[in-house]
Amino acid sequence: MGRTGFFGGTFNPIHSGHIHLAEEAYSKLGLDRLILVPANIPPHKEAHDLCSNADRLNMCRLAAEDHEGFEVSDFELKQGGKSYSVYTTEHFAEMYPDDDLYMMVGSDMLLSFDKWYRFEDILKKVTLAVVSREYDDMDDLKKKADELSAFGSVKIINADPFPVSSTQIRDLIRRGQKYSCYLPEKVVQYIRLKKLYV
Ligand code: ATP
């Protein structure tokens with residue numbers, strides 16, 4: 001019996017905040033594998049300046065490369081349509097029937113989690129693990145985790161936030177400003193090579 005964590009997102013592009021969350025979850029939850037799952041169409045928010053599925057998948061693979069235990073799944077990209085996490089949860093539950101399953105989210109996604117399609121069914125199968133994105137949202141996170149605990153297990157991982165977003169990074173690139181400090185080096189090189197977000 002192992003511990004499998006999966007972490008979905010638009011990853012447009014994947015950035016150091018995402019990797020920070022994944023690293024903290026991997027070590028503090030004692031995971032055997034951490035699977036990054038780029039969404040085909042995110043159901044929970046508008047996707048602006050979305051680059052191709054292939055580019056987002058490639059950037060996830062490059063970001064995962066240097067982290068032992070990190071993997072990337074193209075499950076949602078192959079499914080097509082809107083990427084509802086309940087189906088992704090069922091997929092990994094079938095793949096790893098003997099494992100404890102963890103689903104990772106950042107603050108914004110925890111706070112809106114009770115609006116997700118069939119969130120109760122997700123919480124029957126996973127422990128929801130959250131890493132804060134901001135310095136001042138812990139009270140809100142604790143309150144929401146408490147509410148959701150009626151449906152299943154929710155764990156707040158104790159870690160310093162790394163406050164950055166893909167939107168900020170896309171804006172910096174478009175404005176010709178420095179952005180490389182917010183991304184894994186290989187992802188920076190990829191963005192430059194493919195001239196993404198300019
Ligand atoms: P965008 O700015 O394009 O909306 P984003 O930076 O919010 O993107 P997503 O790919 O939409 O990134 O997020 C995927 C998951 O990663 C979500 O659960 C989100 O809460 C989490 N996340 C994003 N940025 C951070 C961060 N800096 N720290 C912790 N979690 C984060």
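The shell around the ligand in this predicted model divides into 7 nonpolar, 10 polar and 4 charged residues. There are 21 residues around the ligand, and K45, D108, F162, S166 and T167 come nearest.

Where does the shell come from, in terms of secondary structure? Two or more residues each are given to the shell by strand 1, residues 3-9, helix 1, residues 16-28, strand 4, residues 100-106, helix 5, residues 107-111, and helix 8, residues 166-174.

Next, the polar contacts. I have three to show, each to an oxygen atom of the ligand. For R133, a polar side-chain atom lies 2.9 Å from a ligand oxygen. For R170, an N or O atom in the side chain is 3.0 Å from an oxygen atom of the ligand. S166 uses its backbone: an N or O atom there lies 2.8 Å from a ligand oxygen. How much of the ligand's accessible area does the protein cover? On its own the ligand has 610 Å² of accessible area, and the protein covers 93% of that.

Now the pocket. The ligand takes up the space of the largest pocket. Which elements feed the shell there I have already listed, so let me turn to the pocket itself. Its volume is about 740 Å³. The lining of this largest pocket consists of 41 residues, and G9, T10, H18, K45 and M109 lie nearest its centre. K45 also appeared among the residues that come nearest the ligand.

Which elements give two or more residues to the lining of the largest pocket? They are strand 1, helix 1, helix 4, which spans 85-95, strand 4, helix 5 and helix 8. By class, the lining of the largest pocket has 17 nonpolar, 18 polar and 6 charged residues.

Last, the backbone between strand 1 and helix 1. Most residues other than glycine have a negative phi, and most peptide bonds are trans. The loop here has an exception of each kind. F11, in the loop between strand 1 and helix 1, is not a glycine, yet its phi is positive, about 50 degrees. What kind of peptide bond joins N12 and P13? The bond is cis, with omega about 5 degrees. P13 lies in that loop between strand 1 and helix 1 as well. Both flanking elements, strand 1 and helix 1, are among those that give two or more residues to the ligand shell, and both are also on the list for the pocket lining.

Definitions and conventions:
Residues are numbered from 1 along each chain as its sequence is written. This is a predicted model: local features need pLDDT of at least 70, side-chain atom pairs count only at pLDDT 80 or more; totals for chains, interfaces and linings use all residues. Side-chain values use heavy atoms; hydrogens and water are left out. A residue is near a molecule or strand if one of its heavy atoms lies within 4 Å of it. A polar contact is a pair of N or O atoms within 3.5 Å; within protein, one must be able to donate a hydrogen and the other to accept it, and residues adjacent in sequence count only if both atoms are side-chain atoms. Accessible areas come from the Shrake-Rupley method with a 1.4 Å probe; for residues, only the protein chains shown count as cover. On a 1 Å grid over the protein atoms alone, a cavity is a set of points where a 1.4 Å probe fits but cannot get out, and a pocket is an open set with protein on both sides within 12 Å along at least five of seven lines; lining residues have an atom within 4 Å of a point. A molecule sits in a cavity or pocket if more than half of its atoms lie within 2 Å of its grid points. Helices (H or I, at least four residues) and strands (E, at least two) are DSSP runs, numbered from the N terminus. Ala, Val, Leu, Ile, Met, Phe, Trp, Tyr, Cys and Pro count as nonpolar, Asp, Glu, Lys and Arg as charged, and the others, Gly among them, as polar. Grid points are joined across faces, edges and corners, and a volume is the space filled by probe spheres set on the points.
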